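Biologist: Please show me the model, and then we can go through it by question and answer.

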Amino acid sequence: MTNKSNWGSKLFFVTLLVVLVFFWWLLIYSGGAGHHG
Amino acid sequence: MNPLRYHPVRSIWRRLLPAVMVAAIGLSVGEFPSVAAAASQGAEQQVTSVGGDGVKNESRALSLPAPKPKRSDYPSIGTSSRAVVWIIAQMHLFFGALVLAVPIFVLVIELIGFKTDDDRYDDMAHEFMKVSLTAYAITALFGGTLALCLFLLYPDFMTYMTRVFGSQMLVYAVLFFLESLLLYIYYYGWNALRYGNRKWVHLTLGLLLNAVGTTLLVVANSWSTFMMAPSGIDPATGAVTGSIWEIMKGPLWNPLNLHRFIANIAFGGAVVGAYAAFKFLAAKTPAEKAHYDWMGYTSNFIAILAFLPLPFAGYWLMAEVYAYSQQMGILAMGGILAWLFVIQAVLICTILLAGNYYLWTGMARTEGGERYRWLIKYIAVVLVLGFLVWVTPHNIIYTGGEVARLGGGNHPVLGPLGIMPAKNIAVFLMLIFTFLSFQLYRRADKVITVAWQNWGNALMVAIYIVACANVIFAGVYYGYFTNTVYKVGSSVLQVASTAVVIVSGVVIDTLMFKGAKPLPVYWGKVSDRSQYALFALPVAFTWLMALMGYIRSSMRTHWHVYAVMKDNSPDNFIPPLQTVGNMVTAATLLFLVFVIFIFWIANLSDTKQVPPATDGKFVPAESAA
């Protein structure tokens, strides 16, 4: 069962994960992995 | 025409882009009507020149070659357009670096404060943001002015850039709005979201603020790296051939992203350190002095910690520059621009000396610092010798008589110190010994109690000795007694040796500090002299950024976009070094004037006027109201 009292920390760490994935996508993956203009 | 590339929405955006982008930036600086009118006119001209219906316009616009402006196509304003754009762009970059970097370490400090339940961290983080907030408005002002200057003074170049980057520039404008929104909520919501889950919401907002800020940084970086090493276009004509990802992801993009990201943090730390020093010197009470002493220490810690890995990012960037174009790399590090690397050496050594000096004086805060005082003179000797080797030029301009006396173009004794292997040895030893100062500072307020402390110390000393020997051996042997391939490769060994010292130092200390007995630290009991080291740091950092930014940009020589779009303006040459020195110094001084203004504004917001007296009697504020 989910503990509703600490939803704030979950929000933060899920956002952190999303941000990290976003930057991996933007800086490395976007336009196809390994693509190098 | 390539039908796959046509997209109606993209077509509309491309037409509207210049107007929307400049209007968006103009709105933020209160210049909306005039900017929007000018930009709309520009957009119409672009559409007219393309002609026809939407589909044809789109493909034609993309397949158009890069413009070849004549000298007369550059508007004359009676002074050097390059000088105007140079100063404005540099100011925008300074302030941009500051406002993007400060929230990064503010978030970390806020998180530490929250997890340790120590309000001092939270208050300090909030105060750092106050400096950043004032700087943000100035960043936007210079950004708007820069966009105006570029569109007015380099219209063909900007037409080409907007054609190449298309709606990506609109994304930048949207991100700018998001950044503003999040920044204001983050700063003004600080006390409303202070405890429990609300604090986590505040931290999440800070995280999003940094994500948006860093995205802004990398988007803007793609414009700079495209100008240096264009991709996603036909190299012969400059016509767009690739997607926006191919254009953005040129060979220099990620090296520059990393270099600027780290450098911004070091720069931001140095500037807020100067703020703390300013407040420390102006403090009236011991409590205030203690607070700002601690704030200055934290800022210096951030600046130097971010500064230590910076040379590695710099090496990566320059390696990619060489890989892209040897000519460009040699111009930077072996041609006329190489002279400026000697100035770079002076500035970096100033940073290292100031940072180390601040740490040494800081050891006076605790009685435990006495134990390590004897080591300082040896560290100082290494730093000064490293400084001298690093600033030794390979050759200088001699008179005939001087060459005759020397017996050649190089000094017989000092000549070998002028090339990279000697400088690499100096740089890495200086970094290793700066880390030693850090390590001693961290140990100064503790008595280590673990049973294996002698073994731990012996291991640490052994690591230092082996690393220094490795740095010297790799530099001397591979640098002077083998061929060039090994010479370049030897720097990898030196980087690895330095990294081993830093990483193992942190790990060994972390384990040794378990159960350590803390010694009292007297915050505020530091000399005023040490605060001037905190002032020296941002001055040297600012100068360094202006100098190295100029070198990076100047590597394009007479090209707006390297080997694709020629610069035909009256300024299409590398200026004399004296001009460079004057321009870089002017930008630095101007920035420092603005920084003093920001400190004054931040101080002003804490100042309350005493209510006026009536009939010679003091009237409390409540009664006066």
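**Contacts, helices and cores**

Modeller: 24 residues of chain B are in contact with 16 residues of chain A; contact requires C-beta atoms, placed from the backbone, within 7 Å. This is a predicted model: local features need pLDDT of at least 70, side-chain atom pairs count only at pLDDT 80 or more, and totals for chains, interfaces and linings use all residues. Residues are numbered from 1 along each chain as its sequence is written, while chains are lettered from A and ligands numbered from 1 in the order in which they are written.

Biologist: Which element gives the most to the side of chain B that touches chain A?

Modeller: Helices are DSSP runs (H or I, at least four residues), and strands (E) need at least two; both are numbered from the N terminus. Those giving two or more residues to this side are H8 (196–228), H9 (244–248) and H10 (253–282) of chain B. With twelve residues, the top contributor is H8(B).

Biologist: How far apart are the end C-alpha atoms of helix H7 of chain B?

Modeller: H7(B) runs over residues 168–188, which is 21 residues. The expected span is 1.5 Å times one less than the number of residues. That gives 30 Å, and the end C-alpha atoms agree, because they are 30 Å apart.

Biologist: What arc do the buried residues of H7(B) cover?

Modeller: Buried means 20 or more other C-beta atoms within 10 Å of a residue's own, exposed 12 or fewer, partly exposed in between, with C-beta atoms placed from the backbone. The buried residues of H7(B) are Met169(B), Phe176(B), Glu179(B), Leu182(B), Leu183(B) and Tyr186(B). They sit on the same side of H7(B), because their arc around the axis (directions from the axis to the C-beta atoms) is only 145 degrees.

Biologist: Which exposed residues does the face of H7(B) turned away from its buried side carry?

Modeller: Look opposite the buried side of H7(B). That face carries Val174(B) and Tyr188(B).

Biologist: Which helix gives the most to the largest nonpolar core?

Modeller: A nonpolar core is a set of buried Ala, Val, Leu, Ile, Met, Phe, Trp, Tyr and Cys residues joined through C-beta atoms within 7 Å. The largest has 128 residues, with Leu98(B) and Ala266(B) among those with the most contacts inside it. Giving 17 residues, the leading helix is H4(B).

Biologist: Which helices do the buried residues of H13(B) pack against?

Modeller: In H13(B), residues 326–333, Met328(B), Leu331(B) and Ala332(B) are buried. They fall within an arc of 95 degrees, so they line one face. Their partners are H12 (310–324) and H20 (528–554) of chain B.

Conventions: Contact = placed C-beta atoms within 7 Å.
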